[in-house]
Amino acid sequence: MALFSIATNFIKRPVLTTVCTIVIVLVGGVCIPLLPINYLPDVSPVQIEVSSSYTGADIETVEDTVTTILEEQINGVPGMDYSTSQSYAGTSSISVYFPTGTDKDIAQVNVQNRVAQALPQLPTPVQQLGVTTQAASTSILLIFGVYSEAGAYDSIFISNYVDANITDVLKRINGVGDVTIFGAKQNAMRIWLNPQDLAARGLTALDVAQAVRSQNVVVGAGSIGQEPITGQQEYELPVQIQGRLQDADEFENLVVKTLDSGAVVRLRDVGYAELGAENYGQNASVNGQQGVGIAISQLPGSNALDVGNNVKDAMEELSNNFPPGMVTSLVYDTTEFVQVSIQEVFTTLLQAIALVIIIIFVFLQDWRTTVIPAVAIPVSLIGALGFAFVFGFSLNSLTLFGLILATGLVVDDAIVIVEAITAKIEEGMTPRKASLATMDEIAGAVLSTSVVLMAVFIPVAFFPGTTGILYQQFALIIAFSVAVSTFNALTFTPAMSAILLRSPKQRQSENGKKGFLDKIFTPFNRFLSWIIDRYTAFVKFLIRIRYIVIGLFVLGLFATYMVLKAVPGGFVPPEDQGVMLGIVQAPDGVSLSYTSRVTEFVSETFENTPEIEDYFVASGVGLEGAGPNKGVFFAKLKSWDERDQTVESVIEQLNQKFYVNQDATIAAFNLPPIPGFSSTGGIEMQLQNQSGGSLGIDDFLANAQEIIAQANQSPAVGSAFTQFTASTPQLKVDINRDQLEALNVDFQSALQTIGAFIGSQYINDFTLEGRSYRVYLQAESEYRNSPDDLESLYVQSRVGQMIPLGEIATVSRIVGPQIIYHYNGNRSIKIQGSASEDSSSGRAIAVIDEAVAEASLPGVTGDWIGLAKEELAAGSLGALVFLFGIIMVFLTLSAQYESYIDPLIILLTVPLAILGALSFVALGGLDNNVYVQVALVMLIGLASKNAILIVELANQTRETGVSIVKSAQEAAKERFRPILMTAVSSLVGFFPLVIASGAGSASRRSIGTALVGGLLVSTILSF
């Protein structure tokens, strides 16, 4: 009665009705431009990165004295999920991961506090250079290449121009999380020493370093006349002292030693200084020209399109001031995919709305009756976006999917009400009385269907984790739409029906003016009447053989179980994002020059690939750490409508060309469908060595390779591999400590001398053009080109005698890893893999798990990370969400009907709707991914909704004394037309998803195929 009273009030006050509707549209319309736009909601884990440098240190020294010490303190920081680290020559990098939704600022502070506790235990050179703790931006949004078209500028000039004039501007743009320079060669004063000249003058590298420290200083000299002073002072004059050296000439003129004769030894006598680069470990090219890459990372929660557009505008403005011949090119752009995919989904939404309105008009055959449910679509969808803004959602593919799927739902109640009011008007009631009478009868059913739908979707919002977020935004946007449409159905629909609908005579008079429509509607009505008659007879037949039908239903349940087991599992389908990336892995021990030659081959290949528009290639850095034998590349493809091939086809062709090159392993990859979990996509496992040191690195690698080989034997695995190697040629220097003492040589000084000559030594800073840069000392290149050069270096005894290194040390050749990886503090090897074309990631995960269980040595265990970890969580969570949805629908219906039997009848169609959905998914060659699982959850509500209409009317008829069989027959006949109309409108609205193409089409096909298949089967079974 309360619902009837609400409807009555709005029927009697149509102005109030329209005001409420207009307010909903206005509020939602204001919120739409305020929603951030992204392809997906921010679901990536929070990552805090701790990085430090130990100039000249070898890999094991970095691991033992830096990485391990930091990990011991960081381990167990509040909220931590897991940690990984990379130790390579001179550098330590630790990544600490926190669950999605963690406050990154709090996480960073907690990690920073742990790092502060470890600082006193770190070597002095590490403390001097500092340990950086920052929230890492896990998603690269854009990469700009800056280069010289005619080769007028070298990479050092370009790198420092970018550092001085571009980087700071881009960092200030709202929404930019980080700016990373690939191929960076920041200015540094490089002091190149001649070990022979030093030894001839009784000097070492440490003497030069001390001379630079003592003469390249910053002094605050104060002011003449500065208070407090005695007497009256009329002026105050600041005193400036040039403590820091300013250019290479001043450094070369620096006095290193004063001889007994009074003569001085200057730096130019034992070497030379030049303005060079701080790091020569990377080379980069843009579209085949020497340059650098500027990678822009997005802050979580920011608007990807706004950030991208603002950065592009800033780069365009900055490029106007570039030196002549310097240009920039956008070589990697994920915002274009976001924009195009959102546009595609929005176009699909408009298509769905148009198709639904057409179907409504075909069934209702009157513009007045069509307008009323048609208005429900924009009102409900715009109102739902208002709720989305309040709840902090973004405008992404999932929310737009929810709007597309809601398009068919939000008109259902309006259609049912309009149909019922029209029927009463045809019985002779006035439109106003018909509206009042109809709402008295079916307001409860309208509310029941809406409550059932929301009972499915609202609980999903409380599920945790990445998968929970994916479910949440989709489910709640539908719940918001249903809530608004229910309010609209109880208020606007009956009020407008009382005003707009006409009696049969009036409609006939209006239709007479539109005779051409009769030529369409008359045959359609005859056909529909024939279908209803056949359907009524068929229902009677099924009731007579109902026990056979029950048997078929049981067989259907069994078929549902079999199909569920047969359809391969997945997480999120890969998409053609219009960009690609890849790696170069040259043999262990090769130089940077060797790898750069390989990257030139990559550039030549890109030049001959018409689908590629721009590209960027770098050597000396990879996706898994840095090293002279590593490389990485990024490429931007032409727009989707300018090429015939998908990114997967382009990658396949490129990899075939790359395979021909035997100088290195070169592989191109598609981007992972969800950013922030992996660089290359696919599945990733951290194989960790928990043997307590009993298993050496070589045995550990051999065991990993055995596991990989076993996994690759399965047809379910397309490829399984690891980038880890332990055969990098190295030199080991064994110091004879007894000989050191015999020759009166200080052990620490000897090691520091060797490190300064070979690995370089950071001394202090100097100022250039208002910016501070570092000063490094190192031996000239000709004295560190050969292993024999080590033995010709000199160390100084405590009494000043110069002693060749060969007298106190033995140099031997060994092999070992170039990078040592840790996972949760243990040495680890990452196994990467992908599923074969005929398999799925879920099956590949199971195969690799089995390989680890069978082939791993004692103490070797495996943990899935990234997308694989989320997929495993999604599998169990998806089943839980589905089961919870059914339980909530059952309990909601039980409470409404005060019965446990009616809900069971209503839910009978749900399992077979799943059969239909998964059958269509299997026929379409798709896997059971998150989008399919979202569709399965929605099918609970869709399948139940149709059954509710029949059961509700059957119960009402039964209460008049009619038999159960007759009640069922009458309910099926009466509800056939509205159910058919709503089902057809929904199916037609969903169909554009099934045939989607272009950017973001994989996800649209997944969800559309499952929905069309499931709704088609459930509608047939509901009848």
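## Briefing: strands, sheet and selected residues

S83 is found in strand 2, which covers residues 82-88. The model is predicted. S83 counts as buried because its relative accessibility is 6%, under the 20% limit. Beyond its neighbours within four places in sequence, S83 is in contact with S95, V96, H822, Y823, N824 and G825. The points below cover a four-stranded sheet, a covered strand, two further buried residues and a nonpolar surface patch.

**The open sheet**

- Four strands form an open sheet in the order 12-7-24-23. The pairing is mixed.
- Strand 12 (271-277) and strand 23 (761-768) are the edge strands. Each pairs on one side only.
- From one strand to the next, the twist averages 30 degrees.
- Strand 7 (residues 187-193) and strand 24 (residues 771-779) run parallel. Six bridges join them.
- L193 has A779 of strand 24 as its bridge partner.
- Strands of a sheet pair through backbone hydrogen bonds, either parallel or antiparallel.

**Helices across the sheet**

- Helix 9 (residues 205-215) lies across strand 7, strand 23 and strand 24. Helix 9 runs at about 30 degrees to strand 23.
- Helix 26 (residues 747-759) also lies across strand 7, strand 23 and strand 24. The angle between helix 26 and strand 24 is about 110 degrees.

**Strand 5 and its partners**

- Strand 5 (residues 140-148) is mostly covered. Eight of its nine residues are buried.
- Strand 14 (residues 289-298) pairs with strand 5 in the antiparallel sense, over seven bridges. Within this pairing, Y147 has G291 of strand 14 as its bridge partner.
- Strand 15 (residues 326-333) is joined to strand 5 by seven bridges. Strand 5 and strand 15 run antiparallel. Here the bridge partner of S148 is M326, in strand 15.
- In a regular strand the side chains alternate between the two faces of the sheet.

**K636, a buried lysine**

- K636 has its place in strand 18 (residues 625-637).
- K636 counts as buried because its relative accessibility is 9%, under the 20% limit.
- Leaving aside neighbours within four places in sequence, K636 is in contact with L330, V331, Y332, D333 and E336. Its contacts also include G578, V579, I612, E613 and D614.
- Strand 15, the partner of strand 5, spans residues 326-333. L330, V331, Y332 and D333 are among the contacts of K636.

**P573, a buried loop residue**

- P573 is found in the loop between helix 21 (546-566) and strand 16 (579-585).
- P573 counts as buried, because its relative accessibility is 9%.
- Its contacts, leaving aside neighbours within four places in sequence, are P673, N929, Y931, A1002, S1003 and S1006.
- V930 is 357 residues away from P573 along the chain. Their C-alpha atoms are separated by 8.6 Å.

**Nonpolar surface patch**

- V217, V219, I224, Y235, L237, V239 and I241 form a nonpolar patch on the surface. Together they have about 600 Å² of accessible area.
- Y235, one of the patch residues, lies in the loop between strand 8 (223-224) and strand 9 (237-238).
- Y235 counts as partly exposed because its relative accessibility is 49%, and exposed means over 50%.

Definitions and conventions
Residues are numbered from 1 along each chain as its sequence is written. This is a predicted model: local features need pLDDT of at least 70, side-chain atom pairs count only at pLDDT 80 or more; totals for chains, interfaces and linings use all residues. Side-chain values use heavy atoms; hydrogens and water are left out. Two strands pair if DSSP finds at least two bridges between them. Helices (H or I, at least four residues) and strands (E, at least two) are DSSP runs, numbered from the N terminus. Axes are lines fitted to C-alpha atoms, for helices over the stretch in contact, and angles run from 0 to 180 degrees between N-to-C directions. Contact means heavy atoms within 4.5 Å. Patches are made of residues with over 30% relative accessible area and no salt bridge: like charges are joined within 9 Å, nonpolar side chains (Val, Leu, Ile, Met, Phe, Trp, Tyr) within 5 Å. Accessible areas come from the Shrake-Rupley method with a 1.4 Å probe; for residues, only the protein chains shown count as cover. A salt bridge is a side-chain nitrogen of Lys or Arg within 4 Å of a carboxyl oxygen of Asp or Glu. Buried means under 20% relative accessible area, exposed over 50%, partly exposed in between (1.4 Å probe, protein chains only).
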